[in-house]
Amino acid sequence: MNIKDHIRGIPDFPKPGILFYDISTLLAHSDAWSVAMGRLANDVRKFQPDILAGVESRGFLVAAPLALKLGCGFVMLRKKGKLPGKTIRHEYALEYGTDTIEIQEDAIQKGQRVVILDDLLATGGTMCAGVELLRKIGADVTGAAAIIELNFLPGRKRLSDMGVPCSTLVSYDE
């Protein structure tokens, strides 16, 4: 099955000149979604995770079912102010300004093997910020994964420069 057949491209979203790769159509097709999760499970298994970390919000859609499939835990990396209890945060640079992601202070034990997941890897900014946050709380980030990779952007290289291998199911060159 070609997973790309179940991913819709939406031109000029969220702004003119951007082609948005929408996984809603993949999620809605039970067979394609099952195949995608099976393939991703095979890729992520090699990183030997104890726990999966999903990046808000579409990363939750990938990491939660994958954690069930792999028999490991799932934690959320969320935007500032969205998690209850004590949190650890990491501020990172965006093209214009900054953003902040957080994790609950007790979500991961020091030394746990963590794989970070999102739906799409583009510039790698949010994924790299997630790696830094996870390392800040003592996690051993063994890998990263996404459904889609935009090859023309530097996400994979940025993760590699941090020593984090990455797996993706499909890629686009434009």
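This report walks through a predicted model, from its aromatic pairs to its cores, its largest pocket and a few unusual spots in the backbone.

**Aromatic pairs**

Let's start with the rings. The structure has three aromatic pairs. One of them joins F13 and F20, which meet edge-to-face, with 5.2 Å from centre to centre and 85° between the planes. F13 itself is partly exposed, at a relative accessible area of 44%.

How are the rings of Y21 and Y172 arranged? Their centres are 3.9 Å apart and their planes are at 20°, so this pair is stacked. Stacked needs planes under 30 degrees apart, and that's why 20° makes the cut here. If you trace the chain, you'll see that this pair links distant parts of it: Y21 is in strand β2 (residues 19-22) and Y172 is in strand β9 (residues 166-172), 151 residues apart. Both tyrosines, Y21 and Y172, are buried. Y172 has another partner too, since K4 lies over the face of its ring, at 4.5 Å from the ring centre.

**The nonpolar cores**

Now for the greasy part. In soluble globular proteins, nonpolar side chains tend to be buried together. Here the largest nonpolar core has 29 residues. Which of them touch the most other members? They are L40, V44, L52, L66, L117, I147 and I148.

Several elements feed this core: α2 (30-45), α3 (58-70), β7 (113-121), β8 (140-150) and β9 each supply at least two of its residues. The largest share comes from α2, which gives seven residues. Take L40 as a sample member: leaving aside neighbours within four places in sequence, L40 is in contact with V62, L66, L117, A145, A146, I147 and L169. Apart from this core lies another, of 26 residues, including V75, L121, I137 and V164.

**The largest pocket**

Next, turn the model to find its largest pocket, which has a volume of about 1,300 Å³. Its lining takes in 39 residues, and R58, L120, A122, T123 and T126 lie nearest the centre. The elements that give two or more residues to this lining are β2, β4 (73-79), β5 (87-94), β6 (97-104), β7 and α4 (125-136). Which of these gives the most? That's α4, with six residues.

**Odd spots in the backbone**

Two peptide bonds and two phi angles are worth a look. The table puts them side by side.

| Feature | Value | Place |
|---|---|---|
| Cis peptide bond, F13 to P14 | omega near 0° | P14: loop between β1 (8-11) and β2 |
| Cis peptide bond, E56 to S57 | omega near -15° | S57: loop between β3 (51-55) and α3 |
| Positive phi, D12 | phi near 60° | loop between β1 and β2 |
| Positive phi, Q48 | phi near 50° | loop between α2 and β3 |

Neither D12 nor Q48 is a glycine, even though phi is positive in D12 and in Q48. Are these residues buried or exposed? D12 counts as partly exposed, at 49% relative accessibility, while Q48 is exposed, with a relative accessible area of 53%. Exposed means over 50%, so the 49% of D12 leaves it in the partly exposed class and the 53% of Q48 puts it in the exposed class.

The loop between β1 and β2 comes up twice in the table: D12 sits there, and so does P14. F13, whose bond to P14 is cis, is also the residue whose ring pairs with F20.

**Two strand residues**

Finally, meet R8 and T100. R8 is in strand β1 and is partly exposed, with a relative accessible area of 40%. Beyond its neighbours within four places in sequence, R8 is in contact with F20, Y21, D22, S24 and T25. R8 and F20 are 12 residues apart along the chain, and their C-alpha atoms are separated by 8.1 Å. Both contacts F20 and Y21 are familiar by now: F20 pairs with F13, and Y21 stacks with Y172.

T100 is in strand β6. Is T100 buried or exposed? T100 is buried, with a relative accessible area of 10%. Again leaving aside neighbours within four places in sequence, T100 is in contact with R78, K79, K80, R89, H90, E91 and Y92.

Key: Residues are numbered from 1 along each chain as its sequence is written. This is a predicted model: local features need pLDDT of at least 70, side-chain atom pairs count only at pLDDT 80 or more; totals for chains, interfaces and linings use all residues. Side-chain values use heavy atoms; hydrogens and water are left out. Rings of Phe, Tyr and Trp (its six-membered ring) pair if their centres lie within 6.5 Å; planes under 30 degrees apart count as stacked, over 60 as edge-to-face and the rest as tilted. Buried means under 20% relative accessible area, exposed over 50%, partly exposed in between (1.4 Å probe, protein chains only). Helices (H or I, at least four residues) and strands (E, at least two) are DSSP runs, numbered from the N terminus. A charge sits over a ring if NZ of Lys or CZ of Arg is within 6 Å of the ring centre and within 35 degrees of the ring normal. A nonpolar core is a set of buried Ala, Val, Leu, Ile, Met, Phe, Trp, Tyr and Cys residues joined through side-chain atoms within 4.5 Å. Contact means heavy atoms within 4.5 Å. On a 1 Å grid over the protein atoms alone, a cavity is a set of points where a 1.4 Å probe fits but cannot get out, and a pocket is an open set with protein on both sides within 12 Å along at least five of seven lines; lining residues have an atom within 4 Å of a point. Grid points are joined across faces, edges and corners, and a volume is the space filled by probe spheres set on the points.
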